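Please open the model in your viewer and switch on a cartoon view with side chains available. The tour moves from one selection to the next and says what is found at each stop.

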Amino acid sequence: MQLIGFSLKKITADNIELFMNGNIDNHLEFLAVEKEKIPFLKENEEAVKIQFSYNLTYKNKDKSETICAKIEFIGHIILTLNKDESKKIFNGWKKNELPGSLKVALYNTILKKCSVKAASL
């Protein structure tokens, strides 16, 4: 597996009130998995495009846990995989699941890229 593309299509940030002492909740969801046509790949390789949504919610630690801010990232990752790995991913996606090892690698990549961007907003 090799990462060959990462792109953010949409970044939305809403600042509702001042964030003081509170919690930051995050939620990462995979939206779609599809084949991507890339002409320079080897015969036994395929490109897979995985679309995702990553949300951060900032809440103050008062009794009502009011939402102070929200940040949403929507984007995709493109991976090259051999045909067997690609087949496993598409079979798993029929149940809206990704293999565990792939999921961990995707989470780490998305969190690393989006956390830096969120801190600058």
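Begin with helix 1 and select Asp 84, Lys 87 and Lys 88, which are exposed (over 50% relative accessible area, with buried meaning under 20% and partly exposed in between, for a 1.4 Å probe and protein chains only). This is a predicted model, in which local features need pLDDT of at least 70 and side-chain atom pairs count only at pLDDT 80 or more, while totals for chains, interfaces and linings use all residues. Residues are numbered from 1 along each chain as its sequence is written, and side-chain values use heavy atoms, with hydrogens and water left out.

Turn next to the other side of helix 1 (residues 83–93; helices are DSSP runs of H or I with at least four residues, strands runs of E with at least two, numbered from the N terminus), where Ser 86, Ile 89, Gly 92 and Trp 93 are buried. They lie on the same side of helix 1 because they cover an arc of only 130° around the axis (taken from the directions from the helix axis to the C-beta atoms). Show what surrounds them: the buried residues of helix 1 pack against strand 2, strand 3, strand 4 (67–82) and helix 2 (100–120), contact being heavy atoms within 4.5 Å.

Now select strands 1 to 4, which form an open, antiparallel sheet in the order 1-4-3-2 (two strands pair if DSSP finds at least two bridges between them). Strand 1 (2–15) and strand 2 (22–36) are the edge strands, each pairing on one side only. Finally, follow strand 2 along strand 3 (residues 45–60), to which 14 bridges join it in antiparallel fashion, and stop at Lys 35, which stands opposite Val 48 in strand 3.
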